[in-house]
Amino acid sequence: MRRVAAARRGAGARGRGGDDGGAWSVVRRLSSVLGGLLLFVALAGCGGGADTTQPPEILYGQDVCDECDMIISEEKFASAYWTEAGEARRFDDVGEMLVFMAENPEPTASIWVHDINSAAWLPAGDAWFVMNSGLHTPMGTGIAVVSSEAEAEALAFDQPEAVIMTFADALARAQAGELMNVHGMGE
């Protein structure tokens with residue numbers, strides 16, 4: 001009985017990758033090749049990075065603002081940008097984005113804002129910004145965005161303190177600390 005057990009142990013060892021090139025050896029090699037192939041396909045399917053020509057996705061009611069860490073819930077006030085490194089920055093209020101950009105300068109790939117009337121995404125450079133303490137925004141910055149100068153004039157109509165700006169003007173004001181109602185700026 002001892003000879004049979006020893007013979008079985010020896011045969012099992014050879015059959016599972018021993019010198020004889022048995023079935024187990026083939027299975028292990030095949031598994032390694034298939035595993036490597038699956039890993040390659042999975043990595044290739046990742047696409048290599050974010051599409052910075054489109055706005056970053058915002059999951060309303062879930063994503064948090066990069067400036068204040070509060071949940072982003074109102075689409076028409078949300079804004080976002082892509083860094084050149086492909087990282088998304090999301091904000092619950094366009095005024096918060098301007099402050100964050102002024103305090104944390106970094107190269108951007110694209111900057112996006114929502115039109116307050118349609119909630120459509122707009123490239124920030126194509127939009128018009130209206131700053132008015134009478135505008136009610138999520139963080140009280142009083143800054144809203146529209147798609148045309150005529151809409152900006154209508155939004156600011158008959159408001160003596162309203163300011164109409166381009167994105168470059170709004171960012172320059174943020175950098176100079178001249179935004180109304182934004183963390184004590186403009187006081």
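In this predicted model, three strands build an open sheet in the order β6-β5-β7. Their pairing is antiparallel. Strands β6 (143-146) and β7 (163-165) stand at the edges. Each has a single partner strand, so one side of each is left without a neighbour in the sheet. On average, neighbouring strands of this sheet are turned by 25 degrees against each other, direction ignored. In general, strands of a sheet pair through backbone hydrogen bonds, and the pairing can be parallel or antiparallel.

Strand β5 covers residues 128-131. With β7, strand β5 pairs in the antiparallel sense over 3 bridges. With β6, which also runs antiparallel to β5, there are 4 bridges. Residue M131 has a place in both pairings. Opposite M131 in β7 stands V163. Opposite M131 in β6 stands I143.

The side chains of β6 point in two directions. I143 and V145 point one way from the strand. A144 and V146 point the other way. All four of these residues are buried.

A helix accompanies the sheet. Helix α5, residues 167-175, lies across β5 and β7. The helix runs at about 115 degrees to β7. Helix α5 also packs against α3, at an angle of about 60 degrees. The axes of α3 and α5 are 8 Å apart. The crossing of α3 past α5 is right-handed. From α3, the contact is made by M97, L98, V99, M101 and A102. From α5, F167, A170, L171, A174 and Q175 take part.

Charged side chains were examined next. In general, side chains of opposite charge can pair when their charged atoms come close. The structure holds 3 salt bridges. One of them joins D63 and R90, with the closest N and O atoms 3.6 Å apart. D63 lies in the loop between α2 (23-44) and β1 (79-83), while R90 belongs to strand β2 (residues 88-91). The two residues are 27 apart in sequence, so the pair ties together separate parts of the chain. D63 counts as buried because its relative accessibility is 18%, and the cut-off for buried is under 20%.

R89 takes part in two further salt bridges. The side chains of R89 and E87 meet at 3.1 Å, N to O. The side chains of R89 and E106 meet at 3.0 Å, N to O. The second pair links distant parts of the chain, 17 residues apart. E106 sits in the loop between α3 (94-103) and β3 (108-114), and R89 sits in strand β2. Together, E87, R89 and E106 are linked in a network of salt bridges. The members of this network are not equally covered. R89 is buried, with a relative accessible area of 15%. E87 is partly exposed, at 41%. E106 counts as partly exposed as well, at 27% relative accessibility.

Cysteines were considered in turn. In general, a disulfide is a covalent bond between the sulfur atoms of two cysteines. The count of disulfides here is 0. The sulfur of C65 has its closest cysteine sulfur in C68, at 3.8 Å. A disulfide requires the sulfur atoms to lie within 2.5 Å. The distance of 3.8 Å is therefore too far for a bond. For C68, the closest cysteine sulfur is likewise that of C65. The two residues also differ in their exposure. C65 counts as buried, at 1% relative accessibility. C68 counts as partly exposed, at 21%.

One further buried position was followed through its contacts. A78 has its place in the loop between α2 and β1. A78 is buried, with a relative accessible area of 1%. Which residues are in contact with A78, leaving aside its neighbours within four places in sequence? They are I58, Y60, I72, F91, D92, V113, H114 and W121. A separate spacing concerns A78 and D115, which are 37 residues apart along the chain. The C-alpha atoms of A78 and D115 are separated by 9.3 Å.

Technical notes. Residues are numbered from 1 along each chain as its sequence is written. This is a predicted model: local features need pLDDT of at least 70, side-chain atom pairs count only at pLDDT 80 or more; totals for chains, interfaces and linings use all residues. Side-chain values use heavy atoms; hydrogens and water are left out. Two strands pair if DSSP finds at least two bridges between them. Axes are lines fitted to C-alpha atoms, for helices over the stretch in contact, and angles run from 0 to 180 degrees between N-to-C directions. Contact means heavy atoms within 4.5 Å. Buried means under 20% relative accessible area, exposed over 50%, partly exposed in between (1.4 Å probe, protein chains only). A salt bridge is a side-chain nitrogen of Lys or Arg within 4 Å of a carboxyl oxygen of Asp or Glu. A crossing is left-handed if the near helix is turned anticlockwise from the far one by less than a right angle, and right-handed if clockwise.
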